[in-house]
Amino acid sequence: QVQLVESGGGSVQAGGSLRLSCVASGRALNGYVMTWFRQGPGKEREFVSAIWYSSGVTTYSDLAAGRFTIARDRAKNTAYLDLNSLKPEDTAVYYCATSAPAPGNSIRTESTYANWGQGTQVTVSS
C-alpha cells in the first residue's frame, strides 16, 4: 500500500501557473507509474499525465500537452505537475495516483490504480 498526499492547489487567474506536488510513502516505487488525473465540476475524472518512476518516461493527454509538465524527484519520493497558461476550464480537483500496472492495463485508465491521494483543488478565474 502506498500513501499519497497532494498539495499545491489554489486559486489563480487565467494565464497563471501552479505547481502541484504528490508525496508518496509506504513502499519503494520501482516499477510504479505516478499519474495525475483531474475531475472538473459535473465532469468525469480524466487522465492528465503520467511518469514512470524509475525511468522518468512521461506521457500526456491532449489537454496537458504543451502547457503542463510532469516530473519526479526520486530522492524526495515526490511527483510534480507544473500547470502553466491555466484556463478556466482547468478548474478541477487534481488527484495523484500510483500503481505497478499489470500487463495490458492502460496507464490512462482509473481502474489501473490502487493508490490515490485525497486531491487538491485548482480554481482558475477568468
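In this predicted model, strand β4 pairs with strand β9 (residues 92-99) in the antiparallel sense, and seven bridges connect the two. Within that pairing, tryptophan 36 has cysteine 96 of β9 as its bridge partner.

Strand β4 also pairs with strand β5 (residues 46-52), again in an antiparallel arrangement, this time through six bridges. Here methionine 34 is matched with isoleucine 51, its bridge partner in β5. The hairpin formed by β4 and β5 has six residues between its strands, and in this hairpin glycine 42 adopts a positive phi near 75°.

With these two pairings in view, one may ask how far strand β4 (residues 33-39) is enclosed by the rest of the structure. Six of its seven residues are buried, and the strand is therefore largely enclosed. In a regular strand, side chains point alternately to one face of the sheet and the other.

A further point of entry is threonine 120, which belongs to strand β11 (residues 120-125). Is this threonine 120 buried or exposed? Its relative accessibility is 10%, and because buried means under 20%, threonine 120 counts as buried. Beyond its neighbours within four places in sequence, threonine 120 is in contact with Glu6, Ser7, Gly8 and Gly9, with Leu20, and with Ala92, Val93 and Tyr94; the last three fall within the span of β9, residues 92-99. For glycine 9, a polar approach can also be described, since a polar atom of the threonine 120 side chain lies 3.1 Å from the backbone nitrogen of glycine 9.

Terms used: Residues are numbered from 1 along each chain as its sequence is written. This is a predicted model: local features need pLDDT of at least 70, side-chain atom pairs count only at pLDDT 80 or more; totals for chains, interfaces and linings use all residues. Side-chain values use heavy atoms; hydrogens and water are left out. Helices (H or I, at least four residues) and strands (E, at least two) are DSSP runs, numbered from the N terminus. Buried means under 20% relative accessible area, exposed over 50%, partly exposed in between (1.4 Å probe, protein chains only). A polar contact is a pair of N or O atoms within 3.5 Å; within protein, one must be able to donate a hydrogen and the other to accept it, and residues adjacent in sequence count only if both atoms are side-chain atoms. Contact means heavy atoms within 4.5 Å. Two strands pair if DSSP finds at least two bridges between them.
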